[in-house]
Amino acid sequence: MIGEEDFLDLFIPGPVNVSKECREKLALPMIAHRSDTMGNLHQDVASYLQKMLFTDNQIIMSTSSSTGLMEAAIRNCVHKKGVLNVLNGAFAERWYAITQMNGKEADTLNVDWGKAVTPHELTEKLDEKEYDAVCITQNETSTGVTTPIKDLFKIIKDHGCLLLVDAVSSAGGVETRVDDWEIDVYLFGLQKCMALPPGLAVASVSDEALKMAKTVPNRGWYFDFLYLKKYHDRNGMQPATPVTPIYYALQYQLHKIVDEEGIENRWSRHTEMGNYTRKWVKNKGMTLFADEAVASNTVTCVNSSGINVPQLKSDLMTRGYLFATGYGKFKEKNFRIAHMGDRTLDELKTYLKTIDELIS
Ligand SMILES: Cc1ncc(COP(=O)(O)O)c(C=O)c1O
């Protein structure tokens with residue numbers, strides 16, 4: 001049986017620690033998913049998600065991991081002209097693979113890992129050909145890069161494309177204004193900056209994206225935006241059985257984020273933790289994997305020169321921490337420090353001090 005000794009302080013970029021209050025919400029008694037109670041819960045969560053994202057767009061909720069909604073965005077929003085996948089890391093590559101496996105036309109705009117696409121590069125590429133949509137990973141968890149959507153959305157709109165954004169490791173932690181930045185699909189899971197368990201993915205979907213979906217055949221059943229909207233419009237219903245306990249915790253967490261902490265303060269806390277971590281990296285004589293101008297405030301990726309990454313990971317485990325190595329092909333070449341969710345600057349300082357002791 002899993003016990004106390006199995007639980008570590010998660011400094012990995014998701015899943016992250018979940019507060020006791022949220023965990024208590026998960027243990028509430030079950031409700032029927034076709035009840036008014038569930039409908040009201042769904043509506044309240046949707047309206048708070050709109051507040052958090054600064055949008056009036058339709059909110060879609062899916063009992064799946066975030067990858068499910070990456071697939072949904074492609075199936076609903078890409079038709080004859082195909083899609084441009086901006087590639088600068090492992091999760092952007094996953095989205096490209098999803099595009100291809102769903103039989104959609106896809107081109108790539110390849111950017112060095114550790115960098116973000118520039119407005120110039122994007123303009124040049126979009127001038128060459130028309131697309132239905134552009135896919136961008138707002139925060140590349142594999143490299144610690146945040147792509148500045150704010151500097152790119154006008155270019156995408158001027159080229160007549162929908163803007164699809166993977167915000168899995170940025171939503172709730174990095175400044176985003178969905179309506180001001182004209183984001184058509186903004187999708188994420190809850191196990192990262194939202195500091196909740198995995199299992200429910202959410203997205204805001206614009207009227208333009210819904211209009212596009214109407215023209216696209218074979219959107220499937222489970223992830224059809226129009227079908228999900230049809231049910232949502234029936235007093236917050238879902239076509240299939242949703243993961244109700246996560247809704248209880250999400251409602252609690254959204255009220256806390258929007259009404260107590262304040263979303264702008266939450267972004268600032270992440271910025272403060274990002275700045276502190278980058279300063280620590282430089283003070284230690286180490287280097288960032290990411291171009292500092294676009295370095296993420298939710299996860300820092302550090303080149304591991306001179307550090308035995310597997311050894312550090314096992315030493316930190318004896319101190320009760322779960323440390324993140326590099327992602328995929330960078331497993332031993334770099335490591336990552338997550339500073340997202342409900343994490344505090346003081347907790348981060350203690351963690352970095354522990355690493356100092358172990359590597360000195
Ligand atoms: C940027 C990004 N996109 C997509 C995913 C996939 O999310 P999930 O595992 O919830 O499907 C992750 C997971 O780490 C991620 O970091």
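## Close-up views of a predicted protein–ligand model

**Overview. The protein chain holds 12 helices and 14 strands.** The model is predicted. Its C-alpha trace spans about 60 × 55 × 35 Å along the principal axes. The radius of gyration of the protein chain is 20 Å. That value agrees with a compact globule, because 360 residues packed in this way would give a radius near 21 Å. Of the 360 residues, 57% are buried.

**View 1. The ligand is surrounded by 13 residues.** Ser65, Thr67, Thr141, Asp166 and Lys192 come nearest. By class, the shell has seven polar, three charged and three nonpolar residues. Two helices, α3 (66-77) and α4 (90-101), each supply at least two residues of this shell. Which helix gives the most to the shell? It is α3, with three residues.

**View 2. Polar side-chain atoms of Ser65, Thr141 and Gln191 lie by oxygen atoms of the ligand.** For Thr141, a polar side-chain atom lies 2.4 Å from a ligand oxygen. In the side chain of Ser65, an N or O atom is 2.5 Å from an oxygen atom of the ligand. Gln191 places a polar side-chain atom 2.9 Å from a ligand oxygen. How much of the ligand's accessible area does the protein cover? On its own the ligand has 400 Å² of accessible area, and the protein covers 88% of this.

**View 3. Strand β5 (residues 133-137) is largely enclosed by the rest of the structure, because five of its five residues are buried.** Here the cut-off for buried is under 20% relative accessible area. In a regular strand, side chains alternate between the two faces of the sheet. In β5, Ala133, Cys135 and Thr137 point one way. Val134 and Ile136 point the other way. Residues of both sets are buried.

**View 4. β5 pairs in the parallel sense with β3 and runs parallel to β8.** Three bridges link β5 to strand β3 (residues 83-87). Five bridges join β5 to strand β8 (residues 162-166). Which residue of β5 is the bridge partner of Leu84? The partner is Val134. Val134 also stands opposite Leu163 in β8.

**View 5. Strands β11, β14 and β13 form an open sheet in the order β11-β14-β13.** The pairing is antiparallel. β11 (299-303) and β13 (324-325) stand at the edges. Each edge strand has a single partner, so one side of each is left without a neighbour in the sheet. Over how many bridges do β11 and β14 (residues 334-338) pair? Five bridges connect them, in the antiparallel sense. Within this sheet, Thr300 stands opposite Ile337 in β14.

**View 6. Thr55 sits in the loop between α2 (36-53) and β2 (58-62).** Is this loop residue buried or exposed? Thr55 has 4% relative accessibility, so it counts as buried. Its side chain joins that of Asp179 through a polar contact of 2.5 Å.

Note on methods: Residues are numbered from 1 along each chain as its sequence is written. This is a predicted model: local features need pLDDT of at least 70, side-chain atom pairs count only at pLDDT 80 or more; totals for chains, interfaces and linings use all residues. Side-chain values use heavy atoms; hydrogens and water are left out. A residue is near a molecule or strand if one of its heavy atoms lies within 4 Å of it. A polar contact is a pair of N or O atoms within 3.5 Å; within protein, one must be able to donate a hydrogen and the other to accept it, and residues adjacent in sequence count only if both atoms are side-chain atoms. Accessible areas come from the Shrake-Rupley method with a 1.4 Å probe; for residues, only the protein chains shown count as cover. Helices (H or I, at least four residues) and strands (E, at least two) are DSSP runs, numbered from the N terminus. Ala, Val, Leu, Ile, Met, Phe, Trp, Tyr, Cys and Pro count as nonpolar, Asp, Glu, Lys and Arg as charged, and the others, Gly among them, as polar. Two strands pair if DSSP finds at least two bridges between them. The radius of gyration is taken over C-alpha atoms; the globule rule is 2.2 Å times the number of residues to the power 0.38. Buried means under 20% relative accessible area, exposed over 50%, partly exposed in between (1.4 Å probe, protein chains only).
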